[in-house]
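Colleague: Please take me closely through one part of this model, the surroundings of the ligand or an aromatic contact, whichever you can describe in detail. I would like the cut-off behind each term stated as you go.

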Amino acid sequence: MGSEPKNLHVLVLTYPTQGHVNPMLQFCKSLASKGVTTTVAVTAFIFNTFKPHDGSIHWDTISDGFDDGGFAAATGIEHYLETFKAAGSRTLTELIQRHRDSGRPIDAIVYDALMPWALDVAKGFGLVAATFFTMPCSVNLIYYYVDKGLLRLPVAEGSYPVCLPSLPPLMPPDMPSFIYVPDSYPQYLYLLLNQMPNIQGADYILVNSVREFEPLETDEMSKIGPKLLTIGPTIPSFYIDKNNVNDKKYELDLFTIEPKEASSTRTWLKTKPKSSVIYVSFGSMAKLNTTQMAELAAGLIESNYYFIWVVRASEEEKLPKGFAPEKGLILRWSSQLEVLSSEAIGSFFTHSGWNSTLESLCLGVPMVAMPQWTDQPTTGKYVADVWKVGVRVKVGEDGIVRKEEIKACIEAVMEGDRAIEFKQNALKWKQLGLEALQQGGSSSNHIEEFIAGVMDKIA
Ligand code: UDX
């Protein structure tokens, strides 16, 4: 194989949820923009349902065993993961063989860390393999410490705060939910811990983070073994740096955005003063109960700011009856990057999903963190206490965040001295995120290092 990136063929294997597809697709785009032939493999269900756009990336499919219904067709997460592992390994093997036979063989596989079985397939073919963590180093380290026995589960009440290498002291609400309550979703805990056991066999660890956002955590995670490279933020630079018109979003939204709705949202935002709107979204998976929806609705109304609230179709019936706010816009799904990069947005009321948080940090938008589950509590902790770009809600003893608390948090990020400080800090992180992506920045260098390293290994 020659020494040009164009002679490289990298296969990127995504886990089929929105929060995992988005960062890996953007990474594919970065590889392709540097001349690497990039094929992204999604499950047949996703491919057939969402018909990815054509472009600089090639598409292929593997099977999760549920080609007609995806995750919803499985009886539960355990059934899904077992079937996915078997069908995925088999169809990935066939895919690699097909590309070999067609004369355009794959040289390297980048696979979502949630699919560690892909490493065995890659090694069976002698390919370079990189495991891709979509979550931040802080969270990955916590799972790593559990896997290594440094943090034993369940964590005894008297052991808090938990002090772990290179992490801030962590109280229960700062822990990933599967760690704090290990019995809550044992199969999800297994899925996340299972990222670690065969990691030493990978050639690279790629992380969707920015080294400057979590320097200690990145250095600590680098000690695991394989070369670790942070490659985030996986956000098209178009949104951060409006000059770069070529690097727009590569769309694969698993939820529908009606073009008419997108356009009326744009118009609505244009009529609003600078920093006057709260954007509210809980990502692609989190569910609020009816009481929580009512408190959030009341908190938003009483805070009396403009707001855009993304309520997915499956959540709509939980909205208070007849809810038609004068100053609010309810959407089923948004072009989040476009919304967040609008000057009218003053803050992001978020579930602290990692992609949403990274997007908010890199677009300079202060946050109210209302974590729901999985990695979100730890990210919420970093938002409030490490990056200091906003506040985290206090949850009542009944598990509900009341409207008074919601209103107080919104005020904290929208008005007064603290809000000014949060905004200044957010702009600082935005600048660091932009620098990481620019020529000579940490993530830009890391992507080039990855490409050069793969070329070296296959020479
Ligand atoms: C999940 C987990 O919940 C998250 O914590 C983990 O880090 C990744 O997997 P999700 O809950 O969907 O993801 O949240 P998040 O990580 O924030 O990803 C959501 C993505 O969907 C973001 O890239 C966001 O821009 C996009 N989005 C969300 C939209 O484009 N429109 C919307 O209306 C809402």
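Modeller: What follows begins with the aromatic pairs, stays longest with one of them and its neighbourhood, and ends at the ligand.

This is a predicted model, in which local features need pLDDT of at least 70 and side-chain atom pairs count only at pLDDT 80 or more, while totals for chains, interfaces and linings use all residues. Residues are numbered from 1 along each chain as its sequence is written, and side-chain values use heavy atoms, with hydrogens and water left out.

The structure holds 25 aromatic pairs. One of these is formed by Phe71 and Tyr80, which meet edge-to-face at 5.2 Å centre to centre with 85 degrees between the planes. Rings of Phe, Tyr and Trp (its six-membered ring) are paired if their centres lie within 6.5 Å, and the planes count as stacked under 30 degrees apart, as edge-to-face over 60 and as tilted for the rest. Phe71 is partly exposed, with a relative accessible area of 41%, whereas Tyr80 is buried at 2%; here buried means under 20% relative accessible area, exposed over 50% and partly exposed in between, computed with a 1.4 Å probe on protein chains only.

The pair that deserves the close look is Trp268 with Tyr306, also edge-to-face, with 6.1 Å centre to centre and 90 degrees between the planes. This pair links distant parts of the chain, as Trp268 belongs to helix α10 (residues 259-270) and Tyr306 to strand β9 (residues 306-310), 38 residues apart. Helices (H or I, at least four residues) and strands (E, at least two) are DSSP runs numbered from the N terminus. Of the two partners, Trp268 is buried at 16% relative accessibility, and Tyr306 is partly exposed at 27%. The charged end of Lys272 sits over the ring of Trp268, 4.4 Å from its centre, a description that requires NZ of Lys or CZ of Arg within 6 Å of the ring centre and within 35 degrees of the ring normal.

Tyr306 also leads to Ser276, which lies in the loop between α10 and β8 (277-281) and is buried at 11% relative accessibility. Not counting residues up to four places away in sequence, Ser276 touches Tyr305, Tyr306, Ala344, Gly346 and Met414, where contact means heavy atoms within 4.5 Å. The side chain of Ser276 reaches the backbone oxygen of Pro273 at 2.7 Å. Such a polar contact is a pair of N or O atoms within 3.5 Å; within protein, one must be able to donate a hydrogen and the other to accept it, and residues adjacent in sequence count only if both atoms are side-chain atoms.

As for the ligand, 23 residues surround it, the closest being Ser284, Ser356, Glu359, Asp375 and Gln376, on the criterion that a heavy atom of the residue lies within 4 Å. A polar side-chain atom of Ser356 is 2.5 Å from a ligand oxygen, an N or O atom in the side chain of Glu359 is 2.7 Å from a ligand oxygen, and a polar backbone atom of Trp354 is 3.3 Å from a ligand oxygen. Trp354, Ser356 and Glu359 are among the buried residues of α13. Helix α13 (residues 354-362) is mostly covered, with nine of its nine residues buried, and just after this helix Gly364 takes a positive phi of about 70 degrees.
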